[in-house]
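Subject: Structure for you to look through

Dear colleague,

I am handing over the structure we spoke about, and I would be glad if you could open it and keep it beside this message while you read. My notes on what was found follow directly below it.

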Amino acid sequence: MTSTEALDVLEAYLQRKGLKTTAQRRLITEVFFDPRFKKDHPSVDDLFRHVRAQDANVGYATVYRTMKLLVECGLASPRQLGPTDKETRYEPESPGEHHDHLVCLDCGHIVEFENEAIEALQEDVARAYGFAIKEHRMVIYGHCTRTDCERRPSAGAHP
Ligand SMILES: [Zn+2]
Ligand SMILES: [Zn+2]
């Protein structure tokens, strides 16, 4: 979903609730759907930093409340990707799209993946136990192989 589409959804939702689409709410939504940050799984802190870079008058509470609105109208999903990361992170919703996550325990790097075989197996498991899946979350924890992972000794110290 593009930020223009997201803004339409938000505007319709706010109108139903008798609320105004303020310039700050628009900006926060645009930043959240900005293709540059879209896969970052930002926390409210992260978004606050990005938003402040564009408008120094936006307050933290406004970012926090706008993210709550985006969740309410189905544009954002909160994610608790723990176990070492205690922050709530947000992900833009794209209807009809699903992915799971790999999380590095050292640097917090998050990778998204889709695997049809895993999805199908989950259906099998649910069926075997008499469950109809409504949603699921799979997070795989481990150590990433990025060269700038915090776990890695610096290249200078260990050539
Ligand atoms: Zn994701
Ligand atoms: Zn890492």
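The protein chain is divided into two parts, domain 1 covering residues 1–93 and domain 2 covering residues 98–151, and please bear in mind throughout that what you are looking at is a predicted model. The centres of domain 1 and domain 2, taken over C-alpha atoms, are separated by 24 Å. Where the two domains meet, 9 residues of domain 1 are in contact with 9 residues of domain 2, and the area buried between them is about 780 Å², with carbon and sulfur atoms giving 58% of it. Between domain 1 and domain 2 there are also 6 residue pairs in polar contact, together with 1 salt bridge.

The zinc ion (ligand 1) is a good place to turn to next. Its protein donors are His41 (NE2), Glu91 (OE), His99 (NE2), His101 (NE2) and Glu112 (OE), which lie 1.7 to 2.2 Å from the ion. If you follow these donors along the chain, you will find the spacing H-x49-E-x7-H-x1-H-x10-E. Among them, Glu91 lies in strand S2 (residues 88–92) and His101 in strand S3 (residues 100–104), so this pair ties together parts that are 10 residues apart in sequence. Both Glu91 and His101 are buried.

Two of the zinc donors take part in salt bridges as well. Glu112 forms one with Lys39, in which the closest N and O atoms are 3.0 Å apart, and Glu91 forms another with Arg79, where the corresponding distance is 2.9 Å. Because Arg79 lies in strand S1 and Glu91 in strand S2, this second pair ties together parts that are 12 residues apart in sequence. Arg79, like Glu91, is buried.

How many salt bridges does the count come to? The total is 11, and a few others are worth finding on your screen. The side chains of Arg26 and Glu11 meet in a salt bridge with an N to O distance of 3.3 Å; since Arg26 lies in helix H2 and Glu11 in helix H1, the pair ties together parts that are 15 residues apart in sequence. Arg26 counts as partly exposed, because its relative accessibility is 31%, and Glu11 is also partly exposed, with a relative accessible area of 33%.

A further salt bridge joins Arg127 and Asp124, with the closest N and O atoms 3.4 Å apart. Both of these residues lie in helix H5 (residues 116–128), 3 residues apart, which is about one turn of the helix. An α-helix has 3.6 residues a turn, so residues three or four places apart point the same way. Arg127 is exposed, with a relative accessible area of 57%, whereas Asp124 is partly exposed at 39%. Elsewhere, salt bridges that share partners join Asp46, Arg49, Glu87 and Arg89 into one network.

Finally, please look at helix H2 (residues 23–32), whose buried residues are Arg25, Leu27, Ile28, Thr29, Val31 and Phe32. Which elements do the buried residues of H2 pack against? They pack against helix H1 (3–16), helix H3 (44–54), helix H4 (60–72), strand S1 (76–80) and strand S2.

With best wishes

Notes
Residues numbered from 1 in each chain as written. Chains lettered and ligands numbered in written order. Predicted model: local features only at pLDDT ≥ 70, side-chain atom pairs only at ≥ 80, totals over all residues. Heavy atoms only, no water. Donors = N, O, S within 2.8 Å, 3.2 Å for Na, K, Ca; no water. Helix = DSSP H or I, 4+ residues; strand = E, 2+ residues; numbered from the N terminus. Buried < 20%, exposed > 50% of the residue type's maximum accessible area, 1.4 Å probe, protein only. Domains from an automatic or database assignment. Contact = heavy atoms within 4.5 Å. Buried area = accessible area lost by both parts, 1.4 Å probe. Salt bridge = Lys/Arg side-chain N within 4 Å of Asp/Glu carboxyl O. Polar contact = N/O pair within 3.5 Å; in protein donor to acceptor, adjacent residues only side chain to side chain.
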